[in-house]
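Start with the ligand site, then move to one of the sheets. Here is the structure.

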Amino acid sequence: MVLVNENYLKLSENFFFTEIEQRINAFNLIHPNTHVIRLGLGDVCLPLPDEIVSAMENAAKEMGKIETFRGYGPETGYRFLIDKIIKHDYNSRGISLEANEVFVSDGSKADLGNIGHIFGRDNIIAITDPVYPVYENAAIMGGRSGYLTKDNIWSNIVYIPCTEENNFTPDLPTEKVDIIYLCFPNNPTGVALDKTELKKWVDYAIENQTIIIYDGAYCSYITQKDVPRSIYEIKGAKKVAIEIRSFSKTAGFTGLRCSYTIVPRELMGYTLMGEKVDINKLWRRRATTYYNGTSYIIQRGAEASYSLKGKKQLQKNIDYYMKNAAIIRKELLELGFHVYGGINSPHIWIKTPKNTPSWKFFQQLLYESHIVCTPGAGFGQFGEGYFRFSGFNTRENTIEAMERMQVWRNRI
Ligand code: MLT
């Protein structure tokens, strides 16, 4: 008799974004000719820059010749990409890193879940709320969540509220926690932390021997100067933080899959006996055992995102999405919504009118205006009563969606 990992039985049947897709599919089935505008999932729509495309074409051609064919690559990434990551994303901001502190992977979503493998099961996990649901799901699958309380939250997870009252800026936990997931600029609220705020978290982690898992998926969307792009801009962070970054939103790689995780050599965990353990070594052991490296072709594409031309074109794409976000922000503010984010992030976080529950609002908007939003409740208990729009659509669709919002607003 095979026993299953019963932690999986604690999860809802569908992952949040799968549930949304199913509801959209159901709508499309009944209304096949309706033009649905998706401002929900944070998926890019602009094509890849020529530089990236031709780098991948060349890499594919290399694979077709005996002299340049490549089999398994280094499990943790080719040096040509790692060196570019260090130079452009870190050295340029005064941060030094060694090549063996960078682990290239095929998407940050996988790393965010997999990282739990190298930590003991009894660690107390803290997450801000609302937040990207993968962190909580990973804690549940990994057996770290405890039981579901009558308030519908997990007994062993510490939830740190980000609400209108605290400007969606989390306060430090009042109890001692072992692992904290931080995502800034935040998904879903779009709110970023400035240096002073982020320093509080690093100081807390140093004082409490806590590890921060810092999800920087949206760092390229930061526009304000005092907002750090990397947690390592804060003194001491290398002692306490793992940083996970994706090429998805930065370079339009949602369909290509490439990311990297920084695990500094200074970062230590502990055995039950209190002996120090080098976390970097554990992550390397895991990566080399379970992974055979991101595709050579994709890594060449990622490398090209750091070329002068590639960077320029990608910045243009980012500006385009941010302009969409600005349009959404402005239009919804004018329509009287409570609107947050959209300044250092392509995500805009909006209060539903008349305290409508967010899933109900999602359905209303889909069926009445044919617009897809992301319901806030899927990001946590403090997301209830909110919805998220993202700037990842064409300008035409964004403008049309806002026109539909105006019509819808006038009706209610
Ligand atoms: C989102 O829409 O929150 C994200 O794009 C989903 C993801 O990155 O997996």
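**The ligand and its shell**

The ligand is surrounded by Phe17, Leu41, Gly42, Tyr132, Asn187, Tyr218, Lys249 and Arg388, each with a heavy atom within 4 Å of it. The model is predicted: local features need pLDDT of at least 70, side-chain atom pairs count only at pLDDT 80 or more, and totals for chains, interfaces and linings use all residues. Residues are numbered from 1 along each chain as its sequence is written, and side-chain values use heavy atoms, with hydrogens and water left out.

The shell splits into 4 nonpolar, 2 polar and 2 charged residues. Here Ala, Val, Leu, Ile, Met, Phe, Trp, Tyr, Cys and Pro count as nonpolar, Asp, Glu, Lys and Arg as charged, and the others, Gly among them, as polar.

Look at the ligand oxygens. A polar side-chain atom of Lys249 lies 2.5 Å from one ligand oxygen atom. For Gly42, a backbone N or O atom lies 2.7 Å from an oxygen atom of the ligand. A side-chain N or O atom of Asn187 is 2.8 Å from a ligand oxygen. Alone, the ligand exposes 270 Å², and the protein buries 84% of that (Shrake-Rupley method, 1.4 Å probe).

Why does the ligand lie between domain 1 and domain 2? Domain 1 (6-47 + 309-411) and domain 2 (53-307) both give residues to its shell, so the ligand lies between them. The bounds come from an automatic or database domain assignment.

**An open sheet**

Now turn to 4 strands that form an open, antiparallel sheet, ordered S11-S12-S15-S14. Strands are DSSP runs (E, at least two residues), numbered from the N terminus; two of them pair if DSSP finds at least two bridges between them. S11 (339-341) and S14 (374-375) stand at the edges with a single partner strand each, so one side of each has no neighbour in the sheet. S11 pairs with S12 (residues 347-351) over 3 bridges, in the antiparallel sense. Val339 stands opposite Ile350 in S12.

How values were computed: A polar contact is a pair of N or O atoms within 3.5 Å; within protein, one must be able to donate a hydrogen and the other to accept it, and residues adjacent in sequence count only if both atoms are side-chain atoms.
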